[in-house]
Structures are given as C-alpha cells and as structure tokens.
Amino acid sequence: TEANTIASKTTGAVTAAVSNTALADYAALTETDNAYTITLNDASVDASALRALDAKTTVAFTATSMTSLSGSYADVLAVLNSAGVTTSSTADAIALTITGSISVAEANTLDGLTEVGVVTATISTSDMASLASLAASSGTAHAYSITVTDSSVDAADLNTLAGKTSVDVNASAVTTLTGGTANVADFSTAYGGGSGISGLGN
C-alpha cells in the first residue's frame, strides 16, 4: 500500500489519512507506530482483525458502521474497551457472537456495555445457583446456549433462567422439579410447549 511505501522511507512516524474503508485491506499494513486516520465501513467485523489494526496506528480510528462483532471473549472485550477504536454509542447497536464459551460473569460484563445488543454465546457455567446471577437483556433476549447440570431444580428458577435466553435451556440432567403448591403454573410452564426448556421428562 501507499502507506507502507511512505513508512518504509522514513524512520519517523507517518501521519496520514488512509482512504481504504474495508478492514480486510489493512491486513497488509506494516509498522505499528504511525498515526493513521482510518474510517471503516464494515458492518460485520472480526474482533481479532480489528484488534490487530488497533495496534498499527496511534490514532483512534472510526468503526461506527459496525453492527456485528465476532471472536473470542478476550478479543471482543479488548475492542469494545479500546480507546483506539471508536464504535457506535447507540444502545444495543452491536450484536456479538462469541467463539468458545464464557462464564456468567463474562456474559454479564458484555451485557453491561451500552453499545452491546444481542449476545450469542455458550455459557460454561452449569449450576443453577451460579446461573441465577445471569443478567437479562434490557432489550431483545440474548442467545445464550445453557446446559443445567443440577438433578433437582426449582421450577420457578428454571423458568426465570429460560426467560433470559432465546435458545432453549438444556435441562436433560434434571430429574426432579421442586416447588410448593402455589407453583403449579411454574410446573406447567416448564413442561409446556414453547417453554424455552428442553430435555425435561427425557
């Protein structure tokens, strides 16, 4: 690229506006101490590639067109927290797809970021006591894949958990549903079609 050519001809830092607007174009950008002004137009972005670009310029670049961000939890969080990456400040503007699995605490960290919308991820936490602290989205429900490993579960608690994700909660390990006589509706909901719970009664 022209930026690489110019940078190779000086030992000092290069200050320039780079016209490329696609993140893929910057994979070949060399050096890490130049002040490049960059605006990206990509809507769907890989977090590791964006994080790599962040390390190649000393000037914050603009990625406000980004509506979808995917990658590992570490890469996604680094991008969203970086002072070098300007993303949309609109609430729920960026949908996240996390590779690998994340804990309840990590899911809650992502949910707590204003610009984050629907999070698609597998939750590694599997006991109901810990899953109880999973935060519910203030908007569209997150797409969390959750497997409960407790054998005995309170029906109301299970229904509450199911309400926090658009993906059916896997409750195939549950052999006993508990609750008082006042919880008949909770039992009916847990077993009913469209309950958001799978595996009960298997």
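**A salt bridge, a nonpolar core and the helices around them**

Asp75 and Arg51 form a salt bridge, with their closest N and O atoms 2.7 Å apart. This contact joins distant parts of the chain, since Asp75 belongs to helix α3 (residues 73-81) and Arg51 to helix α2 (residues 47-54), 24 residues apart. A salt bridge here is a side-chain nitrogen of Lys or Arg within 4 Å of a carboxyl oxygen of Asp or Glu, and by this rule the count comes to one. Asp75 is buried, at a relative accessible area of 17%, whereas Arg51 is partly exposed, at 39%. Buried stands for under 20% relative accessible area, exposed for over 50%, and partly exposed for what lies in between, with a 1.4 Å probe and protein chains only.

The model is a predicted one, in which local features need pLDDT of at least 70 and side-chain atom pairs count only at pLDDT 80 or more, while totals for chains, interfaces and linings use all residues. Residues are numbered from 1 along each chain as its sequence is written, and side-chain values use heavy atoms, with hydrogens and water left out.

Taken as a whole, the chain has seven helices and 13 strands. These elements are DSSP runs numbered from the N terminus, with helices (H or I) of at least four residues and strands (E) of at least two. Of the 202 residues in the chain, 38% are buried. The accessible surface comes to about 9400 Å², and carbon and sulfur atoms hold 51% of it; areas come from the Shrake-Rupley method with a 1.4 Å probe, and for residues only the protein chains shown count as cover. Among contacts (heavy atoms within 4.5 Å) with a separation of 6 or more, 48% are between residues 24 or more positions apart.

Turning to the interior, the largest nonpolar core has 50 residues, and those with the most contacts inside it are Leu50, Leu69, Leu96, Ile98, Leu110, Val148 and Leu158. Two or more residues each come from α2, α3, β7 (94-102), α4 (104-111), β8 (116-123), α5 (128-131) and α6 (155-162), and α3 gives the most, with five residues. Such a core is a set of buried Ala, Val, Leu, Ile, Met, Phe, Trp, Tyr and Cys residues joined through side-chain atoms within 4.5 Å.

Leu50 is located in helix α2 and is buried, with a relative accessible area of 0%. Neighbours within four places in sequence aside, Leu50 is in contact with Leu23, Leu40, Val45, Phe61, Met66, Val79 and Val85. One of these pairs, Leu50 and Leu23, is 27 residues apart in sequence and 7.2 Å apart in space, C-alpha to C-alpha.

In helix α3, the buried residues are Tyr73, Asp75, Val76, Leu77, Val79 and Leu80. Their cover includes α2, β5, β6 (85-86), β7, α4 and β8.

Helix α4 buries Val104, Ala107 and Leu110. Seen down the helix axis, these residues fall within an arc of 125°, so they line one face of α4; the arc is that of the directions from the helix axis to the C-beta atoms. The cover over the buried residues of α4 includes α3, β7, β8, α5 and β9 (143-145). Leu110 itself touches Tyr73, Val76, Leu77, Leu96, Ile98, Ile102, Val116 and Val119, not counting residues up to four places away in sequence.

Strand β5 (residues 68-71) shows a neat alternation: Leu69 and Gly71 point to one face and are buried, while Ser68 and Ser70 point to the other and are not. In a regular strand, side chains alternate between the two faces of the sheet. Two strands count as paired if DSSP finds at least two bridges between them. β5 pairs in the parallel sense with β3 (residues 44-46) over three bridges, where Asp46 has Ser70 as its bridge partner. β5 also pairs in the parallel sense with β7, over four bridges, and here the bridge partner of Ser68 is Ala95.

Two loop residues complete the picture. Asp92, in the loop between β6 and β7, has a positive phi near 60° and is partly exposed, at 41% relative accessibility. Most residues other than glycine have a negative phi. Thr58 sits in the loop between α2 and β4 (61-62) and is exposed, at 57% relative accessibility. Thr58 and Asn34 are 24 residues apart in sequence, with their C-alpha atoms 6.0 Å apart in space.
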